Amino acid sequence: MASPAAPRPMLQFVIRRLLEAAVVVFLALTAVFSLQFLAGDPVKLFLPTDTTPKQIEEFRQRLGLNDPWPVQYVRFMRGALRGDFGRSLRQGEPALDLVLERFPATLALSGVAMALALAIAIPVGVLSAARRNSWFDHLSIGATVLGQAIPGFWLGLMLIYVFAVWLKVLPTGGRGTWAHYVLPSITLAAFVAARFARLTRSTMLDVLGQDYVRTARAKGLGPRRVLYRHALKNASLPIVTLLALQLGQLLGGAVITETIFAWPGVGRFLVQALLNRDFPVVLVGVFLTAVTYSVLNLLADLAYAWLNPRVRYA
């Protein structure tokens, strides 16, 4: 009797990664639930200091904070699975809806910044590796070190001063036309581009020393074809991994840039929620950041398996 056909390795790989992503999201929910108690009593932190004990007790009862923490935890998890994180303490609207309303603005800014970073970093990294120890290589290394050393908030303020205040060619902040994307995108892309360029250069140097690259050159293939068709494809695995991590960092870490440029995104909204001690909104922001990281890492793993089939069997 023939044995049943074994599931395809790619399907097993996808199922395993989906289960791991679900575990990460579950742990993120648990961490988010615990965060609201680390800073002390959330009711006393939110209400004014002149609030009477009776009002504090009524507010705590309304939020369900008098229940034992296991009861609160189960209620929180059930609400999170339904997308219900409670209402904003300031605005009285569902916290999840308030954050999701601002997510497209953050997504658009992060997407433009990532596209700009890749458009600059990949060619610079490839050419720097191909022309090792040339003036272009030394110049690009200096530029990448500078890009990683300059703090984002300082770069953003300098860009505002030069292009918005002094030259008056770009707006200081807000969101509207393409011009509003220029300065915050450059601010976000500077560090990311420097990191991608350094990684691309190092991986390309390693690949260019492999035997198959020398064989391709010995067969008479042109330098451009060797670089972009053979070397860059095999050097793209760590770049794909870094792409997922950096995009997640851009989506969750654009807080300072959005605040400097008054960008109406999630990061700026979360800063305002933290200052107002609006805990339901902060919890949603942290949860969405964790989910975004998990999804992007899952996509990176799938892309990694597609580019390198040996990963599926690991």
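**Figure 1. Surroundings of T200 in helix α8 of the predicted model.** Apart from residues within four places of it in the sequence, T200 has I122, G125, V126 and I239 as its contacts. T200 belongs to helix α8, which spans residues 179–208. The relative accessibility of T200 is 0%, so the residue counts as buried. Two of its contact partners, I122 and V126, also take part in the contact between α5 and α10.

**Figure 2. Packing of helix α8 with helix α10.** The axes of α8 and α10 approach to within 8 Å, and their crossing angle is roughly 110°. The two helices are therefore described as roughly perpendicular to each other. The crossing of α8 and α10 is right-handed. On the α8 side, the contact is made by M204, V207 and L208; on the α10 side, it is made by L227, A231, L232 and N234.

**Figure 3. Packing of helix α5 with helix α10.** Helix α10 comprises residues 223–234, and its axis and that of α5 come within 12 Å, crossing at roughly 100°. The pair α5 and α10 is therefore roughly perpendicular. Residues I122, V126, L127 and A130 of α5 meet L227, Y228 and L232 of α10. L227 and L232 of α10 take part in this contact and also in the contact with α8.

**Figure 4. Packing of helix α5 with helix α6.** Helix α5 covers residues 95–130 and helix α6 covers residues 135–149; their axes are 8 Å apart and the packing angle is about 135°. At this angle α5 is classed as oblique to α6. The crossing of α5 and α6 is left-handed. V124, L127 and S128 of α5 form the contact with F136, D137 and S140 of α6. L127 of α5 is thus named both in this contact and in the contact with α10.

**Figure 5. The loop between α5 and α6, and the W135–F136 pair.** N133 is located in the loop that connects α5 and α6. Although N133 is not a glycine, its phi is positive, at about 65°. Most residues other than glycine have a negative phi. With a relative accessibility of 56%, N133 counts as exposed. The structure holds four aromatic pairs. One of them is formed by W135 and F136, whose ring centres are 6.1 Å apart and whose planes stand at 85°, so the pair is edge-to-face. W135 has a relative accessibility of 65% and therefore counts as exposed. F136 also belongs to the contact of α6 with α5.

**Figure 6. Aromatic cluster of F76, F85 and F287.** Three phenylalanine residues, F76, F85 and F287, make up one aromatic cluster. Among the four aromatic pairs of the structure is that of F76 and F85, in which the ring centres lie 6.0 Å apart and the planes are at 70°, so this pair is edge-to-face. F76 and F85 are both buried.

**Figure 7. Environment of Y73 in helix α4.** Y73 lies in helix α4, residues 69–81. Its relative accessibility is 19%, and because buried means under 20%, Y73 counts as buried. When neighbours within four places in sequence are set aside, Y73 is in contact with F26, T30 and F33. Y73 and V266 are 193 residues apart along the chain, and their C-alpha atoms are separated by 25 Å.

**Figure 8. R102 over the ring of F269.** R102 is positioned over the face of F269, at 3.9 Å from the ring centre.

**Figure 9. A262 in the loop between α12 and α13.** A262 is placed in the loop between α12 (255–260) and α13 (266–275). Its phi is near 50°, which is a positive value in a residue other than glycine. The relative accessibility of A262 is 33%, so the residue counts as partly exposed.

**Figure 10. R214 in helix α9.** R214 is part of helix α9, residues 211–218. At 44% relative accessibility, R214 counts as partly exposed. R214 and V226 are twelve residues apart in sequence, and the distance between their C-alpha atoms is 9.2 Å.

Definitions and conventions:
Residues numbered from 1 in each chain as written. Predicted model: local features only at pLDDT ≥ 70, side-chain atom pairs only at ≥ 80, totals over all residues. Heavy atoms only, no water. Helix = DSSP H or I, 4+ residues; strand = E, 2+ residues; numbered from the N terminus. Buried < 20%, exposed > 50% of the residue type's maximum accessible area, 1.4 Å probe, protein only. Contact = heavy atoms within 4.5 Å. Phe/Tyr/Trp six-rings, centres within 6.5 Å; stacked < 30°, edge-to-face > 60°. Lys NZ or Arg CZ within 6 Å of the ring centre and 35° of its normal. Axes fitted to C-alpha atoms, helices over the stretch in contact; angles between N-to-C directions. Parallel < 35°, antiparallel > 145°, perpendicular 65-115°, else oblique. Left-handed = near helix turned anticlockwise from the far one by under 90°.
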